[in-house]
Amino acid sequence: MDIKSIEKIVSLSKRRGFIFQSSEIYGGLASTWDYGPLGVEMKNNIKNLWWQDIVTSRRNVVGMDSAILMHPEVWEASGHIGNFHDLKVDCKNCKARYRADHIDISKPCARCGKTDWTEPRQFNLMLKTSLGATADSDDITYLRPETAQGIFVNFNNVVNTARQKLPFGIAQLGKAFRNEITTGNFLFRTREFEQMEMEYFIYPEDAKKQLEYWSQERLNWYKKLGVREDKLRLRSHDKDELAHYSTACYDVEYEFPFGWSELEGIADRGTYDLDQHNKHAKKKQTYFDQQNNKHFVPVVIEASAGVDRAFLTCLVDAYREEEVNGEQRVLLKLSPKVAPITCAVFPLVKKDGLPEIAEKIFTEIQTEYSAFFDIGGSIGKRYRRQDEAGTPFGITVDHQTLEDNTVTLRDRDTMEQIRIPSDQTLRELRTKLQ
Ligand code: GAP
C-alpha cells in the first residue's frame, strides 16, 4: 500500500534514526531537521550518485566547492536583493503569516478562524548575517540562497584552469538558506537545505536543444535512484511562474501525498548572471571563442536540485505497508544504491560460536558495502527493523552453518531466504548488486 500521509514518514524517520527534529530537547526549531546515522548515509549516497552522474562520468563537467558567505555585492548583482521576494499576508488577529499565493484571503485564517488580513506585502527571502566584531551595516552579508552564484563569480577562474571549451559545465553541491514564509511538509520546504546545481555554459543557438537534453537527463536520474516512473513528470513553466533570471524552465515533479511538487528546476538562465556580474564587478568575465576570434558571454542552462527533496522522494516512494501472517510489516523498498545499509548480518543466537562466524562475515562485507551487525532480540524483530531501514539483504548464521558451512541470505522485498556458502557471501552480494 502506498503512503497517504507524510506523518508516517516523519515517525519512521525518527524511529529508525533517519531524521530528528533539530534542537528537539529545547522544544525544537520550526522546520529544521537533523540527519541521524541512517539519514546521513542515505543522504551521502544521493549526493555521491549525483556527483557521479553529473561530474565524474562526464568529460566536460567539472566540480567546485565555493564558500557559503560571499561579498554582499554578489547579491545586488544577481538580483536577489531586489527581486528575491514572495508576497506575504499576515492575519491581524493571531499574527500567523502566509504566502499570499498559498491562501485565499476571502476565506478565514486557518489558525484562528478570523478574516482580518493585512495587505499583501513583498518579503525578501535572504537570510542576513553580519561578519566581524562590529554590527556595522558595512559588515552585513547574506547566507547564500542558491549555490549557483559561487559558480558564476568563479567562471574565469575555472575557464583559466580547467582547460574546458564550450559547451561545458561547472557543478557544486552545498547548503543554501532562505527565510521561507511558510515551511512544512517535513523536509520539503525548510529554511536551511542543500542544493546540487550545475551551470552548463553553451553557444546561444544551442539553448533550446540543451534545455531539452538536460531536462530528460535529470528526469532519468530520479528513475536511476529507483523512484517509480509513474510518480515522476516534467512540467514546463508558464511565463508568469519564471524566476527573475530565467526565460524558459522545466520542473521535475514527484507526486507526493500532498500533491505534485517540484524536485528540481532546469532553466535557461540566458546570459543574465554573467552580464549582471560584468556590470557590477571590477573584473569582466567572458569566454574567448578561438574559432571566431572574439570574446562573448555564453548562455547558461542550469539544473538545480534539492538534496533534501530527493531524499524525501526516496523515502516516500519506497514506503510500503504489507500484511504478513496477520501482522503488519512496514518496509522501505529503497534501491540498494540509495539504502543506508546494504546488508545486515545476524547470528541467530548469542552462543555456540555463531557470533564469531557472523563477525567474520560482517568484517569481510564491510570492506565493500555498508553493513550492520545485529545480535540482540528475536530474529523476526531484527528482520523487521532492517525492513524499516530499507536494508536490501540480511545474512543469518544459524546452527546449520556449523554443520555445512552455509548461511541464509534474505531478500527484503520477497522475504525469500536461500542458503549460500558462508565463504561466498561477499561474492553473492556483488553478483546481486551488479
Ligand atoms: N539556482 C536556482 C534555484 O535555486 P530554485 O527553484 O529556487 O532554483 C532549486 O531551487 C531547488 O532547490 C528546488 O527545486 C528544490 O529542490 C530546492 N529548494 C529550494 N528551496 C527549498 C527549500 N526552502 N527547502 C528545501 N529545498 C529547497
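**Cysteines, ligand shell and a few odd backbones**

Biologist: How many disulfides does a search of the whole structure find?

Modeller: Zero. A disulfide here is a pair of cysteine sulfur atoms within 2.5 Å. Keep in mind that this is a predicted model, where local features need pLDDT of at least 70 and side-chain atom pairs count only at pLDDT 80 or more, while totals for chains, interfaces and linings use all residues. Residues are numbered from 1 along each chain as its sequence is written, and side-chain values use heavy atoms, with hydrogens and water left out.

Biologist: OK, so why doesn't Cys94 have a bond to the closest cysteine sulfur?

Modeller: Because the closest cysteine sulfur, in Cys91, is 3.8 Å from the sulfur of Cys94, and that's too far for a bond.

Biologist: Where is Cys94, and what does it touch?

Modeller: Cys94 sits in the loop between strand S4 (85-90) and strand S5 (97-99). Helices (H or I, at least four residues) and strands (E, at least two) are DSSP runs, numbered from the N terminus. Skipping residues up to four places away in sequence, Cys94 touches Cys109, Arg111 and Cys112, where a contact means heavy atoms within 4.5 Å.

Biologist: How far is Cys94 from Cys112, in sequence and in space?

Modeller: They're 18 residues apart in sequence and 6.4 Å apart in space, C-alpha to C-alpha.

Biologist: Is Cys94 buried or exposed?

Modeller: Buried, because its relative accessibility is 18%. The cut-offs are under 20% relative accessible area for buried, over 50% for exposed, and partly exposed in between (1.4 Å probe, protein chains only). Cys343 is buried too, with a relative accessible area of 0%.

Biologist: Switching to the ligand. Which residues come nearest to it?

Modeller: Glu146, Arg178, Thr190, Glu197 and Glu262, out of 20 residues around the ligand. A residue counts as near if one of its heavy atoms lies within 4 Å.

Biologist: And what polar contacts does the ligand have with Glu197, Leu263 and Arg269?

Modeller: A polar side-chain atom of Glu197 is 2.5 Å from a nitrogen atom of the ligand. Leu263 uses its backbone: an N or O atom there lies 2.8 Å from an oxygen atom of the ligand. For Arg269, a polar side-chain atom is 3.3 Å from a ligand nitrogen atom. The cut-off for a polar contact is a pair of N or O atoms within 3.5 Å; within protein, one must be able to donate a hydrogen and the other to accept it, and residues adjacent in sequence count only if both atoms are side-chain atoms.

Biologist: How much of the ligand does the protein bury?

Modeller: 92% of the 550 Å² that the ligand exposes when taken alone. Those areas come from the Shrake-Rupley method with a 1.4 Å probe; for residues, only the protein chains shown count as cover.

Biologist: Which elements give two or more residues to that shell?

Modeller: Strand S10 (192-202), strand S13 (259-270) and strand S16 (299-306). S13 gives the most, with five residues.

Biologist: How do the shell residues divide by type?

Modeller: Five nonpolar, five polar and 10 charged. Ala, Val, Leu, Ile, Met, Phe, Trp, Tyr, Cys and Pro count as nonpolar, Asp, Glu, Lys and Arg as charged, and the others, Gly among them, as polar.

Biologist: What about helix H8, which residues are buried there?

Modeller: In H8 (residues 272-280), they are Asp273, Leu274, Gln276, His277 and Asn278. Their cover includes helix H3 (72-78), helix H5 (148-152), helix H6 (155-162), S10 and S13.

Biologist: Backbone next. Which peptide bond is cis?

Modeller: The one from Leu166 to Pro167 is cis, with omega near -5°. Pro167 falls in the loop between H6 and strand S9 (168-177).

Biologist: What phi values do Ser23 and Phe186 have?

Modeller: Neither is a glycine, but phi is positive, about 55° for Ser23 and about 60° for Phe186. Ser23 is in the loop between strand S1 (19-21) and strand S2 (33-35), and Phe186 is in the loop between S9 and S10.

Biologist: Buried or exposed, for Phe186?

Modeller: Phe186 counts as buried, at 7% relative accessibility. Ser23, at 36%, counts as partly exposed.

Biologist: Last one, how many helices and strands in the protein?

Modeller: 13 helices and 23 strands. Buried residues make up 50% of the 434 residues.
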